[in-house]
Amino acid sequence: MNIPQEMLNGLYLSLRETDLGEVERLVACGLEQNIPPRVILKEGLIGAMNLIGREFKAGEIWVPDVLLAARNMNRGIEMLKAGLSDNEITARGKLVIGTVKGDIHDIGKNLVGMMMTGAGFQVIDLGTDVPRARFLEVVDREKPDLVGLSALLTTTMLEMKAIITTVRETFPDPPKIIVGGAPVTERFASEIGADGYSADAVLAVSLADRLLSSGRG
Ligand code: B1M
């Protein structure tokens with residue numbers, strides 16, 4: 001069953017205008033009309049978030065708009081979760097993300113996490129100032145496809161290399177590791193052996209897709 005165009009437009013506008021009540025109303029309305037939760041998720045919420053991501057990249061909207069849109073989208077996903085299989089929730093892959101030890105900057109990392117959620121990844125956010133041991137513990141438990149490391153300080157970005165080395169030494173089949181943050185460059189990422197670097201949250205989604213499809217291919 002397809003989702004009515006009117007509902008698609010409504011979901012996009014309510015996320016764009018950060019109208020949480022309207023997001024909840026439309027998701028509830030879709031469920032009442034027996035539209036499958038995976039359709040509401042993929043076509044409705046993820047479709048709308050992709051458009052919002054493009055607007056952000058084009059400089060038409062700002063960081064707080066995206067953060068609020070993504071927060072409201074998460075509320076919509078919560079309402080759908082009971083009707084989604086684990087497979088449908090993690091369909092595109094699982095990401096563990098965090099800001100490395102010694103660093104409490106989280107705006108960019110949150111943006112990346114939210115864009116990835118918006119694109120259909122399951123995101124486990126470890127927060128900020130995350131010790132290496134915590135990354136190891138969660139990778140061991142969750143077996144993610146990807147680990148995302150964020151750093152905003154020239155001092156803390158060095159911690160990324162230590163995490164990459166330790167993860168690879170610890171796990172025989174390690175997840176792909178992507179890095180980002182204001183001082184991080186493509187060159188630095190390659191020097192520390194990261195699987196990928198992205199300059200912004202929108203590009204992080206295509207990077208993740210690329211890495212996972214090459215891994216699966
Ligand atoms: Co801090 N800070 N700060 N700060 N802060 C910077 C980073 C700094 C450049 C400011 C400056 O001096 N010009 C400077 C670092 C200098 C350096 O290392 N060379 C700095 C400093 C020095 C500090 C303190 C040490 C200050 C002090 O206490 N003396 C201190 C450090 C505390 C700590 O971490 N231990 C500190 C503290 C803070 C606040 C708490 C006040 C606050 C953070 C609030 C928060 O995050 N909740 C803060 C802020 C806001 C900034 C600036 C002004 C803005 C950062 C930001 O949120 N940008 C910043 C200056 C700047 O960057 N222009 C600065 C917006 C955000 C959307 O961009 O995080 O780059 P960004 O994320 C981008 C991309 O980088 C990418 O996607 C996002 C966009 O789409 N990206 C990824 C990010 N992570 C990614 C991960 C990926 C992929 C892409 O894959 C996993």
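Buried, as used in these legends, means under 20% relative accessible area. All views show a predicted model.

**Figure 1. Lys-94, a buried residue of strand 1.** Lys-94 is found in strand 1 (94-99). With a relative accessible area of 17%, Lys-94 falls under the 20% limit and therefore counts as buried. Beyond residues up to four places away in sequence, Lys-94 touches Phe-121, Gln-122 and Ile-124, and its further contacts are Glu-142, Pro-144, Asp-145 and Leu-146.

**Figure 2. The cobalt atom of the ligand and its protein donor.** His-105 is the single donor that the protein provides to the cobalt atom of the ligand. The donor atom is NE2, at a distance of 2.1 Å. His-105 lies in the loop that runs between strand 1 (94-99) and helix 6 (107-118). Among the contacts of His-105 is Leu-152, the residue shown in the next view.

**Figure 3. Surroundings of Leu-152 in the loop between strand 3 and helix 8.** The loop that holds Leu-152 joins strand 3 (146-150) and helix 8 (158-170). Leu-152 has a relative accessible area of 30% and is thus partly exposed. Apart from neighbours within four places in sequence, Leu-152 is in contact with Asp-103, His-105, Gly-181, Ala-182 and Pro-183. For the pair Leu-152 and Pro-183, a separation of 31 residues in sequence accompanies a C-alpha to C-alpha distance of 6.0 Å.

**Figure 4. The largest nonpolar core and the contacts of Met-116.** This core has 45 residues, of which Leu-15, Leu-45, Met-116 and Leu-146 touch the most other members. Two or more residues each are contributed by helix 1 (5-16), helix 2 (20-32), helix 3 (37-57), helix 4 (63-80), strand 1, helix 6 and helix 10 (201-216). Helix 3 supplies the largest share, nine residues. When residues up to four places away in sequence are not counted, Met-116 touches Leu-95, Phe-121, Val-123, Leu-146, Ala-204, Val-205 and Ala-208. A second core, separate from this one, has 25 residues, including Val-130, Val-138, Ala-151 and Met-157.

**Figure 5. Packing of helix 2 with helix 4.** The two axes come within 9 Å and cross at roughly 25°. Since this angle is under 35 degrees, helix 2 counts as roughly parallel to helix 4. The crossing is right-handed. Helix 2 makes the contact through Leu-20, Val-23, Glu-24, Val-27, Ala-28 and Leu-31, and helix 4 through Asn-72, Arg-75, Gly-76, Met-79 and Leu-80.

**Figure 6. Packing of helix 1 with helix 3.** The axes of helix 1 and helix 3 come within 9 Å and cross at roughly 50°, which makes the pair oblique. Helix 1 and helix 3 have a right-handed crossing. From helix 1, the residues Leu-8, Leu-11, Tyr-12, Leu-15 and Arg-16 take part. They meet Glu-43, Gly-44, Leu-45, Ala-48, Met-49, Leu-51, Ile-52 and Glu-55 of helix 3. Leu-15 and Leu-45 are also among the core residues that touch the most other members.

**Figure 7. Positive phi values at Asn-34 and Lys-143.** Asn-34, in the loop between helix 2 and helix 3, has a phi near 60°, a positive value in a residue other than glycine. Asn-34 is exposed, with a relative accessible area of 61%. Lys-143 occupies the loop between helix 7 (132-142) and strand 3. The phi of Lys-143 is positive, about 45°, although this residue is not a glycine. Lys-143 counts as exposed at 58% relative accessibility.

Definitions and conventions:
Residues are numbered from 1 along each chain as its sequence is written. This is a predicted model: local features need pLDDT of at least 70, side-chain atom pairs count only at pLDDT 80 or more; totals for chains, interfaces and linings use all residues. Side-chain values use heavy atoms; hydrogens and water are left out. Donors are N, O and S atoms within 2.8 Å of the metal (3.2 Å for Na, K and Ca); water is not among the atoms, so sites may look incomplete. Helices (H or I, at least four residues) and strands (E, at least two) are DSSP runs, numbered from the N terminus. A nonpolar core is a set of buried Ala, Val, Leu, Ile, Met, Phe, Trp, Tyr and Cys residues joined through side-chain atoms within 4.5 Å. Buried means under 20% relative accessible area, exposed over 50%, partly exposed in between (1.4 Å probe, protein chains only). Contact means heavy atoms within 4.5 Å. Axes are lines fitted to C-alpha atoms, for helices over the stretch in contact, and angles run from 0 to 180 degrees between N-to-C directions. Angles under 35 degrees count as roughly parallel, over 145 as roughly antiparallel, 65 to 115 as roughly perpendicular and the rest as oblique. A crossing is left-handed if the near helix is turned anticlockwise from the far one by less than a right angle, and right-handed if clockwise.
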